[in-house]
Amino acid sequence: MLPTTLVSSGSQGNGVLSPRDAARHTAGAKRYKYLRRLFHFRQMDFEFALWQMLYLFTSPQRVYRNFHYRKQTKDQWARDDPAFLVLLSIWLCVSTVGFGFVLDMGFFETIKLLLWVVFIDCVGVGLLIATLMWFISNKYLVKQQNRDYDVEWGYAFDVHLNAFYPLLVILHFIQLFFINYVIISDSVIGYFVGNTLWLIAIGYYIYVTFLGYSALPFLKNTAILLYPFALLIMLYLISLACGWNFTKMLCSFYKYRVK
């Protein structure tokens, strides 16, 4: 049964939260609750997180529909359950070990690669993108008639994680089966397959990000978030014309970073 809108028992008769209940809805309180649940695996809903990961490929709109239900029932857009983050971290570890194996890296080189992918590619870049999108959406996309609403930073980071997961699966898992035998070969089919996977992965990231912000009813002109598609396709065509192999460049970069 789908979640429905609930009225908090701590609200006053006019629908305004009492001071004590309002304190529980501050950003700090929500962040503390989220981080605390990281150490209580039994409280995490891993089955639901797996469902979200599946639908991020087949029907990402359904994932953001659940974010809307959470806002109605728990008065927050961002996730309050770190299960998705935990499963994503496991995916990062497994796929990175596979990447190190395919690139013939040693044990310590693979560990360095894992640290780089987790703390730079996912968390570091994610913090920058989430902060940038949080600022842009609150500064330029909030409707004039809804000044009391704003985009939660935690929600912006959740959108990044949602968009990053399909990209991770495509570039760090599916691509592994083609790297040594197809992609890094000095042939047209090699950089065509590799660059096409990059096109699909980054295109997925842009699309899922767009869905995340378009799901917020108080934002306007979210279609501009699809504009990077034009630049992406242009770079893809230029790469094919010039023979650039993005995957080969990435493998060389990773090998250089772990030396």
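**Entry 1: what counts as a helix, and the overall fold**

I began by settling a term: a helix is a DSSP run of H or I with at least four residues, and helices are numbered from the N terminus. With that in hand I could place Ser-239, which belongs to helix α10. I also noted that the model is predicted, and I kept this in mind for every value below.

I then counted the elements and found 11 helices and zero strands in the protein chain, so that I could write the pattern along the sequence as α-α-α-α-α-α-α-α-α-α-α. How much of the protein chain counts as buried? I found that 42% of its 259 residues do. For the accessible surface of the protein chain I noted about 14,800 Å², with 67% of that belonging to carbon and sulfur atoms. I also looked at contacts between residues at least 6 apart in sequence, and 73% of these join residues at least 24 apart.

**Entry 2: the largest nonpolar core**

Before looking inside, I reminded myself that in soluble globular proteins nonpolar side chains tend to be buried together. The largest nonpolar core in this model has 62 residues, and the members touching the most other members are Leu-88, Phe-99, Tyr-155, Phe-164, Tyr-213 and Leu-219. I traced which helices supply at least two residues each to this core, and I listed α3 (46–58), α4 (60–74), α5 (83–102), α6 (107–141), α7 (153–172), α8 (179–183), α9 (188–214) and α11 (246–257). Which helix gives the largest share of this core? I found that α7 does, with 13 residues.

I stayed with α7, which has 20 residues and spans 27 Å from its first C-alpha to its last, close to the 28 Å expected at 1.5 Å a residue. Of those 20 residues, 18 are buried, so α7 is largely enclosed by the rest of the structure.

I also followed up Leu-219 from the list of core members. Setting aside residues up to four places away in sequence, I found Leu-219 touching Ser-137, Leu-141, Val-142, Lys-143, Val-151 and Tyr-213.

**Entry 3: Asn-245 and its polar contacts**

Next I looked up Asn-245, which sits in the loop between α10 (228–242) and α11. Is this residue buried or exposed? I noted a relative accessibility of 8% for Asn-245, and since buried means under 20%, Asn-245 counts as buried.

I then asked what the side chain of Asn-245 reaches, and found the backbone oxygen of Ile-183 at 2.7 Å. A polar atom of the same Asn-245 side chain lies 3.1 Å from the backbone nitrogen of Lys-248. Not counting residues up to four places away in sequence, Asn-245 touches Ile-183, Ile-184, Ser-185, Gly-190, Tyr-191 and Asn-195.

**Entry 4: Ser-239 and Trp-198**

I returned to Ser-239, which is buried at 0% relative accessibility. Beyond residues up to four places away in sequence, Ser-239 touches Asn-195, Trp-244 and Phe-246.

Phe-246 turned up again when I examined Trp-198, for which I listed contacts with Leu-171, Gln-175, Gly-203, Phe-246, Thr-247 and Leu-250, leaving aside neighbours within four places in sequence. Trp-198 lies in helix α9, and its side chain makes a polar contact of 3.0 Å with the side chain of Thr-247. I also checked the C-alpha atoms of Trp-198 and Gln-175, which are 23 residues apart along the chain and separated by 9.3 Å.

**Entry 5: cysteines**

I looked for disulfides, knowing that a disulfide is a covalent bond between the sulfur atoms of two cysteines. How many disulfides are there? I counted zero. Among the cysteines I looked up, Cys-122 is buried with a relative accessible area of 4%, and Cys-251 is buried with 5%.

**Entry 6: two loop residues with positive phi**

Last, I looked at two residues in loops. Asp-104 is found between α5 and α6, and its phi is near 60°, a positive value in a residue other than glycine. Asn-221 has its place in the loop between α9 and α10, with phi near 55°, which is again positive in a residue other than glycine. Are these two buried or exposed? Asp-104 is exposed, with a relative accessible area of 70%, and Asn-221 is exposed as well, with 52%, which I checked against the cut-off of over 50%.

How values were computed:
Residues are numbered from 1 along each chain as its sequence is written. This is a predicted model: local features need pLDDT of at least 70, side-chain atom pairs count only at pLDDT 80 or more; totals for chains, interfaces and linings use all residues. Side-chain values use heavy atoms; hydrogens and water are left out. A nonpolar core is a set of buried Ala, Val, Leu, Ile, Met, Phe, Trp, Tyr and Cys residues joined through side-chain atoms within 4.5 Å. Buried means under 20% relative accessible area, exposed over 50%, partly exposed in between (1.4 Å probe, protein chains only). Contact means heavy atoms within 4.5 Å. The expected span of a helix is 1.5 Å times one less than its number of residues. A polar contact is a pair of N or O atoms within 3.5 Å; within protein, one must be able to donate a hydrogen and the other to accept it, and residues adjacent in sequence count only if both atoms are side-chain atoms. A disulfide is a pair of cysteine sulfur atoms within 2.5 Å. Accessible areas come from the Shrake-Rupley method with a 1.4 Å probe; for residues, only the protein chains shown count as cover.
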